[in-house]
Amino acid sequence: MKLNKFITQLNPKAKPLASQEEEWSKALAAGIVSVKDIIAPPAIEVDFDFIKIGTTYYRTIFVIGYPRYVQANWLSPLINFEHTLSTSMYVYPIEAKGVLDDLKRKITEMEATITSDIQHGHVIDPSVQAALDDAQVLQDELVKGQERFFQFGLYVTIPADTLEELDTFSKQVESTLGSLSLVPKHATLQMEDAFKTTLPEGIDHLYITRNMDTTSLATTFPFTSSSLTSNTGVMYGINEHNGSLVIFDRFTQENANSVIFAKSGAGKSYMVKLEALRSLMFGTEIIIIDPEEEYKSLSDAIGGEYISFDFDSPAKINPFDLSGVYEEDENELGLKILSLHGFLKVVMGKLTPTEDAIIDRALVATYKAKGITPDPTTQKKEPPLMEDLYKALIGMEEPQAKGLADRLEKFVKGSLIGIFNQQSNIDIKNTFTVFSVKNLEEELRPIAMHLILDFIWTRVKNDIKKRLLIVDEAWYMMQHADSATFMYSIAKRARKYYLGLTTISQDVEDILASDYGKAIVTNSSIQILLKQSPASIDKLGEVFYLSEGEKHLLLASDVGEGIFFAGPNHVAIRVIAAPDEHALVTTDPKELLEMRQKSQDVLKQFEEPTGEQPQPAVQPQVQQARAPVEQPQTIPVPPQPQVQNQPQPTPNPQQTIDLPN
Ligand SMILES: Nc1ncnc2c1ncn2[C@@H]1O[C@H](COP(=O)(O)OP(=O)(O)O)[C@@H](O)[C@H]1O
Ligand SMILES: [Mg+2]
């Protein structure tokens with residue numbers, strides 16, 4: 001400023017410095033390439049009926065006529081049109097006062113028309129009568145403030161590479177609009193304004209509108225996704241339509257069951273692990289059947305109990321166990337024998353009616369030999385074993401009994417002797433218990449899963465708590481009709497015992513082909529579909545009533561993306577995890593290796609200066625994790641697979657199993 005003054009004093013005609021600066025910067029700016037220059041098309045050609053920008057042709061259509069009745073989402077054929085379209089909707093709120101005056105005048109006019117018709121002995125024009133009724137209803141609602149008044153404009157711009165294509169697409173769009181009882185018109189001679197109207201600027205250059213009340217206007221909303229955000233529950237993911245959180249409490253539904261179907265690797269187990277982890281923090285007990293050993297690191301990290309069944313593992317379950325709890329009107333032994341029938345059919349295969357009868361008698365005799373009868377007081381005695389049934393069959397006179405004994409033999413003394421030939425020695429005491437059957441032979445897995453489910457079910461009935469029972473790879477259970485029936489009976493009765501059953505499967509067709517599978521689906525309030533294969537999409541579409549758009553979404557979705565059905569709500573969901581959670585639940589071998597490497601590096605640092613065992617690094621984690629429910633804030637501890645060569649900090653199944661005295 002001082003300099004400026006000085007210059008003016010020297011030469012009063014000289015321009016002040018500030019304006020000179022402006023000029024220079026203008027000159028400079030003119031020579032700089034701006035973003036506009038870069039993105040601008042080389043040319044724009046405005047014709048009567050199209051506009052050509054660069055090499056692309058555009059045509060804009062506006063709508064002048066609307067149907068009398070519309071229902072929700074009626075514009076979806078336009079929104080889901082199979083070609084790129086730019087659609088703009090303009091909504092102008094109108095002052096009710098002016099509208100009411102107009103309406104009053106119109107109503108008077110129409111009433112006058114009708115009266116004069118009557119006076120002249122003419123038949124009343126039904127269209128006038130209908131319009132009068134509508135106007136009166138609208139007047140009534142506006143006066144009461146139930147409805148508000150709006151004007152609505154709808155414009156669609158169609159892009160195409162050639163003029164022929166443009167004509168074809170225009171025809172298709174017009175016929176789609178026509179099928180919705182809309183009357184479309186080309187914005188002839190106004191293509192430039194019309195094009196600008198559909199730019200995301202929000203400026204309506206055409207202003208071709210139609211009156212609408214609030215209800216009709218609401219039906220034009222193109223994204224009829226409901227948001228699923230409740231005040232309670234756990235976070236399942238992000239709603240892909242509107243970015244809101246999907247927070248949901250499955251225990252608020254008529255049943256707390258859920259099914260999850262998707263291709264292998266689509267993120268089913270990942271999602272369920274997150275749900276389990278988050279539910280655990282709200283005091284829900286978690287029980288998991290894990291055929292693929294996918295839940296071990298999670299269980300270890302949060303201090304859960306991981307019970308692995310294999311040949312020589314100490315964990316045993318006796319199928320003959322009785323709950324020992326007497327319930328009014330319930331013949332516990334009778335029910336047990338019934339459920340053993342189902343189990344034995346899974347073990348031995350199909351049974352003829354004679355064989356079935358023999359088994360029945362053998363079962364009763366086996367219990368009787370141990371002093372157990374339908375009298376509840378006898379049912380606390382030590383239950384028989386598989387071996388006792390085998391002996392009972394051998395001792396029977398019928399020739400078929402011998403055959404049955406032979407079929408049972410390999411499970412009692414043969415090659416498949418495994419987890420169910422001794423008294424039970426496990427219990428569900430931890431709030432997070434996982435049963436693994438990965439180390440069993442393929443053939444034994446469905447049998448073991450059936451048995452474990454039966455064991456869990458007995459415990460669940462004995463002691464009612466808020467629980468989630470997760471059955472991963474549930475298609476194992478669907479292979480046998482009797483296991484499928486059993487799963488279904490659990491799904492049906494779970495609600496009574498405050499239990500939510502989660503059924504996970506990649507084999508959608510198998511599950512949906514079985515009547516029991518379908519019944520499990522219909523008995524699950526929550527249904528989650530993640531990425532699907534083209535082979536199963538049609539079947540799924542039928543069972544879940546998927547729209548074409550939803551089918552496309554499921555075919556094209558990424559890992560962790562899909563649709564969440566809760567009662568009448570459908571939302572597109574993306575499952576997300578916090579970094580700490582991700583570290584706990586991922587099964588990506590690359591990530592696991594990296595984590596292991598990282599923790600080994602950390603351990604090395606500890607070792608170098610002192611040369612001591614790195615106890616402090618892992619010890620606190622175990623103590624914190626022991627009580628995950630009471631101290632939820634301590635959960636996000638990443639798994640420590642690195643400690644394999646160190647003293648195991650996590651509970652070892654062998655330590656936590658109650659071995660018989
Ligand atoms: N929402 C997600 N975000 C990030 N990674 C995921 C997500 N869902 C799954 N993954 C990863 O994808 C892989 C497969 O997931 P997984 O749950 O094991 O699939 P599935 O059980 O369906 O076969 C895993 O490595 C997992 O870490
Ligand atoms: Mg899985």
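This report describes the fold, the central sheet and the nonpolar cores of a predicted protein model.

## Overall composition

The predicted model contains 26 helices and 18 strands. Of its 661 residues, 33% are buried. Among contacts with a separation of 6 or more, 74% join residues 24 or more positions apart.

## The eleven-stranded sheet

An open sheet is built from 11 strands with mixed pairing, and their order is S9-S8-S18-S17-S16-S10-S15-S14-S11-S13-S12. Strand S9 (245–248) and strand S12 (305–308) occupy the edges; each has a single partner strand, so one side of each lacks a neighbour in the sheet. On average, and with direction ignored, neighbouring strands of this sheet are turned by 25 degrees against each other.

One of the pairings within the sheet joins strand S10 (residues 258–261) to strand S16 (residues 526–530), in the parallel sense and over 4 bridges. In this pair, Phe 261 lies opposite Leu 529 of S16.

## Strand S14 and its partners

Strand S14 (residues 467–471) has 5 of its 5 residues buried, and is therefore largely enclosed by the rest of the structure. The burial extends to both faces: Arg 467, Leu 469 and Val 471 lie on one side, with Leu 468 and Ile 470 on the other.

S14 pairs with strand S11 (residues 285–290) in the parallel sense over 5 bridges, and Ile 286 is found opposite Leu 468 of S14. The pairing of S14 with strand S15 (residues 499–505) is likewise parallel, over 5 bridges. There, Arg 467 has Leu 499 of S15 as its bridge partner.

## The nonpolar cores

The largest nonpolar core comprises 113 residues, of which Ala 448, Ile 452, Met 487 and Phe 564 touch the most other members. The element that gives the most to this core is helix H16 (residues 445–462), with 10 residues. At least three residues of the core come from each of domain 3 (234–317 + 424–580) and domain 4 (332–412). A second, separate core has 19 residues, including Leu 154, Tyr 155, Met 191 and Ala 194. In soluble globular proteins, nonpolar side chains tend to be buried together.

## Helix H16

With 13 of its 18 residues buried, H16 is largely enclosed by the rest of the structure. Its length agrees with expectation, because 18 residues at 1.5 Å a residue should span 26 Å and the end C-alpha atoms are 26 Å apart.

Ala 448 illustrates the contacts made at a highly connected core position. Beyond its neighbours within four places in sequence, Ala 448 is in contact with Phe 309, Ile 419, Val 437 and Leu 440.

## The surroundings of Gly 562

Gly 562 belongs to strand S17 (residues 561–566). Is this residue buried or exposed? Gly 562 is buried, because 30 other C-beta atoms lie within 10 Å, against a threshold of 20 or more.

When residues up to four places away in sequence are left out, Gly 562 touches Ala 262, Ile 528, Leu 529, Leu 530, Lys 531, Leu 554, Ser 557 and Ile 573. One of these, Leu 529, is the residue of S16 opposite Phe 261. The C-alpha atom of Gly 562 is also separated by 9.9 Å from that of Asn 239, a residue 323 residues apart from Gly 562 along the chain.

Key. Residues numbered from 1 in each chain as written. Chains lettered and ligands numbered in written order. Predicted model: local features only at pLDDT ≥ 70, side-chain atom pairs only at ≥ 80, totals over all residues. Core = buried A, V, L, I, M, F, W, Y, C linked by C-beta atoms within 7 Å. Buried ≥ 20, exposed ≤ 12 C-beta atoms within 10 Å, placed from the backbone. Helix = DSSP H or I, 4+ residues; strand = E, 2+ residues; numbered from the N terminus. Domains from an automatic or database assignment. Contact = placed C-beta atoms within 7 Å. Pairing = 2+ DSSP bridges. Axes fitted to C-alpha atoms, helices over the stretch in contact; angles between N-to-C directions. Expected span 1.5 Å × (residues − 1).
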